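I set out to record which parts of the chain are covered, how neighbouring strands pair, and how the nonpolar residues group. The entries below follow the order in which I looked these up.

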Amino acid sequence: MKNVFLFGECMIELMSISQEKTRNIMSQSFAGDVFNTAVYLKRTFSDINTHLVTAVGTDPFSLAMISYFESEDIGSSLVFKSANKIAGLYSIQLDAQGERSFTYWRENSAARQIMEHIDDEAINYLAKGDMFFFSGISLAVIKPEARAEFWLLIDRLRLAGVQIVFDPNYRPRLWSSPQEAQQQFELALSKSDLSLPGVDDFEQLFGMTSIEEVSDYCKPFAINELIIKNGAQTILTIVDGDVAEFVITPIENVVDTTSAGDSFNGVYLGARIQGYSVKGAIALASQAAGFVIQHKGAIVDKQAYQAFIGALT
């Protein structure tokens, strides 16, 4: 069986379900870009061993989070427990179009200290994997002084033949400056075998507004498989030099776009690991993301999702 390791942060998620003048009733769950990707990969391709690499605390929320990982059949052997930190928390606000905004509380997040837990034993375990996935948020959350260790980890995994996958997920508030993020993203792109950039992220960080600009920017990095997403419009793929463009069927009933990119990434990566063509993987991932954004929350009901995806596969 194939083994995929996803490196990043899972957080406590709060979403308003009923708001009145004097109180706001919220539902609580767990989510985070890398975790969301892992969930949709595993739910769609149950025979791929999917592992999360993160750190949590020993508080009740953190322990419930680990139980949730296990309920989704996501490996937790590299989910480390910090004695003095806790899981991060965020809340989601949705507008009438289903677009979201976030408020974060992650200063004491255990995931910021993840590199303190990555020793030679953990690296040797990761080096036996087939794919290692991380995002721009994964990079931002790591303490700046620990990033050099992270890049050494990436270099060791590359030497071991592990496929390195990067999603340039950009959140301005997580970085001290755009220049810091640009420098780290360029390092990530230079070390990636596969990358899944979105035009919206590159517009915020680099001022690029088109697929062509993002493609031209990424060319010098010689990424084997480049999947450029332009929201609900088109996807440009450049795989081993072959260029193709795919038109996405728009979804009319958009409820919540929180996990649009994450669900696409998880299904696309799983499909490629399972031998799908680029075209087939794009089609399946786009349909999965289209289903997810018609539901509230980052992680949709498991039974409903598997019934949907089962009808496609």
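**Entry 1: helix α8**

I began with helix α8, residues 211-218, and found I211, V214, S215, Y217 and C218 buried. Viewed down the axis of α8, these buried residues fall within an arc of 165°, so they line one face of the helix. The general geometry is familiar: an α-helix has 3.6 residues a turn, so residues three or four places apart point the same way. I note that the model is predicted.

I then asked which elements cover the buried residues of α8. Among them are the helices α6 (178-190) and α7 (199-206), together with β11 (225-230) and β12 (234-239).

**Entry 2: strand β12**

I followed β12 next, and six of its six residues are buried. T234, L236 and I238 point one way from the strand, while I235, T237 and V239 point the other way. I recall that in a regular strand the side chains alternate between the two faces of the sheet.

I checked the pairing of β12 with β11 and found it antiparallel, over six bridges. Within this pair, I228 has L236 of β12 as its bridge partner. The two strands form a hairpin with three residues between them, and G231 in the turn has a positive phi of about 60°.

With strand β13 (residues 242-247), β12 again runs antiparallel, joined by six bridges. Here L236 stands opposite E245 of β13. The hairpin of β12 and β13 has two residues between the strands, and D240 takes a positive phi near 50°.

**Entry 3: cysteines**

I looked up how many disulfides the model holds. With a disulfide taken as a pair of cysteine sulfur atoms within 2.5 Å, the count comes to zero. I also checked the burial of two cysteines. C10 counts as buried because its relative accessibility is 2%, under the 20% cut-off. C218, in α8, is likewise buried, with a relative accessible area of 2%.

**Entry 4: nonpolar cores**

I turned last to the nonpolar cores, and the largest has 57 residues. Those with the most contacts inside this core are L52, L196, F264, Y268, L269 and Y305. Helix α10 (residues 278-292) gives the most to the core, with nine residues.

Which residues does L52 touch, not counting those up to four places away in sequence? I listed L6, V34, F35, A38, F69, I74, G75, L78 and V79. I also recorded a second, separate core of 47 residues, which includes I118, A122, I142 and L189.

Conventions. Residues numbered from 1 in each chain as written. Predicted model: local features only at pLDDT ≥ 70, side-chain atom pairs only at ≥ 80, totals over all residues. Heavy atoms only, no water. Buried < 20%, exposed > 50% of the residue type's maximum accessible area, 1.4 Å probe, protein only. Helix = DSSP H or I, 4+ residues; strand = E, 2+ residues; numbered from the N terminus. Arc of directions from axis to C-beta. Contact = heavy atoms within 4.5 Å. Pairing = 2+ DSSP bridges. Core = buried A, V, L, I, M, F, W, Y, C linked by side-chain atoms within 4.5 Å.
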